[in-house]
Amino acid sequence: MSEKTSEKRVYLFGNGKAEGRADMRNLLGGKGANLAEMNLIGVPVPPGFTITTDVCNEYFEKGKADVVALLKDDVVNGVKHVEKLMGLKFGDAKNPLLVSVRSGARASMPGMMDTILNLGLNDEVVKGLAAKTGNERFAYDSYRRFVQMYGDVVLGMKPVNKEDIDPFEAIIQKVKAQRGIRLDNEMNTDELKSLVVLFKDYIKERTGREFPSDPMEQLWGAICAVFDSWMNDRAILYRKMEGIPQEWGTAVTVMAMVFGNMGNTSATGVCFSRDAATGENRFNGEYLVNAQGEDVVAGIRTPQQITKEGSLRWAKQQGIDEATRASKYPSMEESMPNIYAQLNDLQDKLEKHYNDMQDMEFTVQEGKLWFLQTRNGKRTGTAMVKIAMDLLREGLIDEKTALQRCEPNKLDELLHPVFDKEAKAQARVLTRGLPASPGAACGQIVFFADDAEKWHADGHQVVMVRIETSPEDLAGMSAAEGILTARGGMTSHAAVVARGMGKCCVSGAGAINVDYKARTVEIDGTVLHEGDYISLNGSTGEVYFGEVKTRPAEVTGDFAELMKLCNKYTHLVVRTNADTPHDAEVARNFGAVGIGLCRTEHMFFENEKIKAMREMILADSKEGREKALAKLLPYQKQDFYGILKCMDGMPVNIRLLDPPLHEFVPHDLKGQEAMAQEMGVSVKVIQDRVQSLSEHNPMLGLRGCRLGNTFPEITAMQTRAILGAAIQLKKEGLDPRPEIMVPLVGIVNELDAQEKVIRETAEKLFAEEGVEIPFKIGTMIEVPRAALTADLIAQKAEYFSFGTNDLTQMTFGYSRDDIASFLPSYLEKKILDVDPFQVLDQRGVGQLIRMAVEKGRSTRPDLKCGICGEHGGEPSSVKFCHRVGLDYVSCSPFRVPIARLAAAQAAVEEA
């Protein structure tokens, strides 16, 4: 990009021409880039201009005054451009131009930043607008909306307490109550005029200043407010949840207003080219006659369906008969057939242009259709997979694109439990709303976002119940299992954000009456209090009383097809971390091709096992330890038998005992007394042994291979148990493939000593049984020194498994158990970009892995290498593992499909 181009801060569009285009989203934001593109492909878009995302960064670096000075000429020219194309004049009382001011980052952030509509109105201009249109009611409806939005967004007029409703809504309710009317569009012109006066008086009372009447002052206030909204709490939280960098910034688009509130031939709506909840290939959406866009998204009025099919479905869900539906709630397809036909053609054109499901906003002004936005729609995990596979089958995208269209972490939603069919059939249905986002959610009722966060942090599962949600509720929505709202349709804020998060949501459940102050919700005579349990079915819209039993999800249909597609492209295979046959079976069903980490210590905590383990720890001689270990041997053998049998024909990597012995003894007096009684010794004996096991830094003390080298009889017993189980299975005609992993090696001599014990024990056992089992001996690379000397360690190790939890801990010098004390501060101050225990540190820890792989294979070219820390299921870490030549990643069972998709994407990206 030339210096001159990079200094361009404002891009114009309108009348079929545009200075931007779709591939400029980094500079113009998604909204600005797509508005430009729609102009270029012949979609009707009101003219306007976009201020770039670079200016947002300048705004926070240089400050408001400097940026306004830098932009002044460009913005004035932008306004003139719009005036020319619309034949109207900004601020003119006789022929007024009104504009909207909208945010738009490069990544979609629905509802997180701010928008202002109808800007440019004042007491004089509103009279001119009324005279010009011959529609005084419309003019004052637009004016009261503008004062309300500007007061909220620019002047910060929010509710004082969380129990209070929006202060402007409170004024509207009072005015409506005087005549006993219910809906905003039932207010007459005099009532709308009085709202303008009441709103302005309230603003002056709260701020001490008059509402600004100069349109250019209003415009600068709105532009700066949109930039400011990039750093509001909800936008920051959303970016954190979605991994959107702060430095991306938001663009600001100023465009001519078109009005959906000019009467019964005007309307506004939101539509999707496919179903964003299920992925079904059906055009759908909602609209309101004589309204503006915020009415649809905010859920203040329950909107009508765009298609007749959608309207019939909606009526069935709501229990509304056909005569009532057709007369009171007709679809756009029925009530505005010409507009519907244009809308249907254009949504199809846009989906085929972008080759993806589109989320579109539109306005109809006195019979003319205008598009205000299109973007690749937010969707649930289920819809994501179905849409990708359908577009592939329809020939609109190829296999590689289908893989890349799916976000690995969103697959998690498809693995969530679903309601048990029998339990669901017996459940008591309290009410039905709209199935806004699928899934099964069960939890305790909370009414406020901050309470949802707190209850969740305290270990409760919660369902957030609201009259309607707003962007301020984001943190609570994230913490909740599900969301239930009284108002709002399928395109309301709650529905769109819940689908993006993969949260179960039922919206527009009109039968619920929420009392925020009393913290109760009444549903058809049943009163529920905060803390009571309810269950939500996001696929049907049903709300159930109490807790309804769930069952695990299965890999079927499009999900199974996607996983097959992953197999076609992936080089890096996925194993699982599993310590029980049940976990191993779950992972195998999800496509795991072996076990990358089986932790033996988790097997010692059951009743009889822990007694024998403690007896071994208490023993003060080798003979005593061997006697106790002989008791443990059959238990260990049975554990390994179950896991090896479940993973028949697949490698099972079993880690020898790793944690320090103090973890197996009680540290409280009650537990020590119970242990003394079990062991037949005094409490003092127990206390002395517990004391002798205590270490200043146990994670760097007597654990891992140090334990096995200090007490080789432990390694011998575990080797007998592993290989004994394998021999039994082989005798039964199965194909066990054990791998024995020595943990925490830092020097090759440690591995050498352990290998001798393992091989000697194996030879004795094979001689006794008359059967030999092929097995491998490897090590866990989790000490930095092991990575640095991997060429030496590979002389003894037949495979490496990178234990990235400990490797991260030792490389950074951060305790995994204590990092929470400073991590939030480090993330906030940008000292760290991410939690290194969640996302692999590729520059530091990653370089040790790369070096160890190269050094290890220089000694042993066929050295198998894998990773078994928590990072094995994190998509960016999986892709790194592919790039450095690992053979496999291993992760928890429910992360297996996520890792498989990430591994396939890594192969596609590399190609």
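What share of the contacts in the chain with a separation of 6 or more comes from residues 24 or more positions apart? Such residues account for 69% of those contacts, where a contact means heavy atoms within 4.5 Å.

## Before you start

This is a predicted model, in which local features need pLDDT of at least 70 and side-chain atom pairs count only at pLDDT 80 or more, while totals for chains, interfaces and linings use all residues. Residues are numbered from 1 along each chain as its sequence is written, and side-chain values use heavy atoms, with hydrogens and water left out.

## The whole chain

Let's begin with the overall picture. The secondary structure comes to 37 helices and 34 strands; helices (H or I, at least four residues) and strands (E, at least two) are DSSP runs, numbered from the N terminus. Along its principal axes, the C-alpha trace spans about 105 × 70 × 55 Å. The radius of gyration of the chain is 32 Å, which agrees with the value near 29 Å for a compact globule of 911 residues. This radius is taken over C-alpha atoms, and the globule rule is 2.2 Å times the number of residues to the power 0.38.

Of the 911 residues, 57% count as buried. Buried means under 20% relative accessible area, exposed means over 50%, and partly exposed lies in between (1.4 Å probe, protein chains only). The accessible surface of the chain comes to about 37300 Å², and 48% of it belongs to carbon and sulfur atoms. These areas come from the Shrake-Rupley method with a 1.4 Å probe; for residues, only the protein chains shown count as cover.

## A sheet of six strands

Next, look for an open sheet of 6 strands with antiparallel pairing, in the order E2-E1-E3-E8-E6-E7. Two strands pair if DSSP finds at least two bridges between them. At the edges are strand E2 (17-18) and strand E7 (115-119), each of which pairs on one side only.

Although E7 is an edge strand, E7 is mostly covered, with 5 of its 5 residues buried. Its antiparallel neighbour is strand E6 (residues 99-105), joined to E7 by 3 bridges. One pair to look for is Val 99 and its bridge partner in E7, Leu 119.

## Two asparagines

Asn 39 belongs to helix H2 (residues 25-40). Asn 39 is buried, with a relative accessible area of 3%. Its side chain reaches the backbone nitrogen of Gly 16 at 3.1 Å, a polar contact (a pair of N or O atoms within 3.5 Å; within protein, one must be able to donate a hydrogen and the other to accept it, and residues adjacent in sequence count only if both atoms are side-chain atoms). Leaving aside residues up to four places away in sequence, Asn 39 touches several residues, including Phe 13, Lys 17 and Val 45.

Asn 95 sits in the loop between strand E4 (89-90) and strand E5 (96-97). Asn 95 is partly exposed, with a relative accessible area of 24%. The side chain of Asn 95 reaches the backbone oxygen of Gly 87 at 2.8 Å. Not counting residues up to four places away in sequence, Asn 95 also touches Leu 88, Lys 89 and Lys 132. The C-alpha atoms of Asn 95 and Val 125, 30 residues apart along the chain, are separated by 8.5 Å.

## Helix H23 and what covers it

Further along the chain is helix H23 (residues 581-589), whose buried residues are Ala 584, Val 586 and Ala 587. Seen down the axis of H23, these residues fall within an arc of 160°, so they line one face of the helix; the arc is that of the directions from the helix axis to the C-beta atoms. The face turned away from the buried side of H23 carries the exposed residues His 582 and Asn 589.

Cover for the buried residues of H23 includes strand E27 (573-577), strand E28 (595-599), helix H25 (622-646) and helix H37 (896-910). Just after H23, Gly 591 takes a positive phi of about 105°.

## Strand E29, covered on both faces

In a regular strand the side chains alternate between the two faces of the sheet. In strand E29 (residues 651-655), 5 of the 5 residues are buried. Pro 651, Asn 653 and Arg 655 are on one side, with Val 652 and Ile 654 on the other, and both faces are covered.

E29 pairs in the parallel sense with E28 over 3 bridges, and Arg 599 stands opposite Arg 655 of E29. E29 also pairs in the parallel sense with strand E30 (residues 737-742), over 5 bridges. Here the bridge partner of Asn 653 is Glu 739 in E30.
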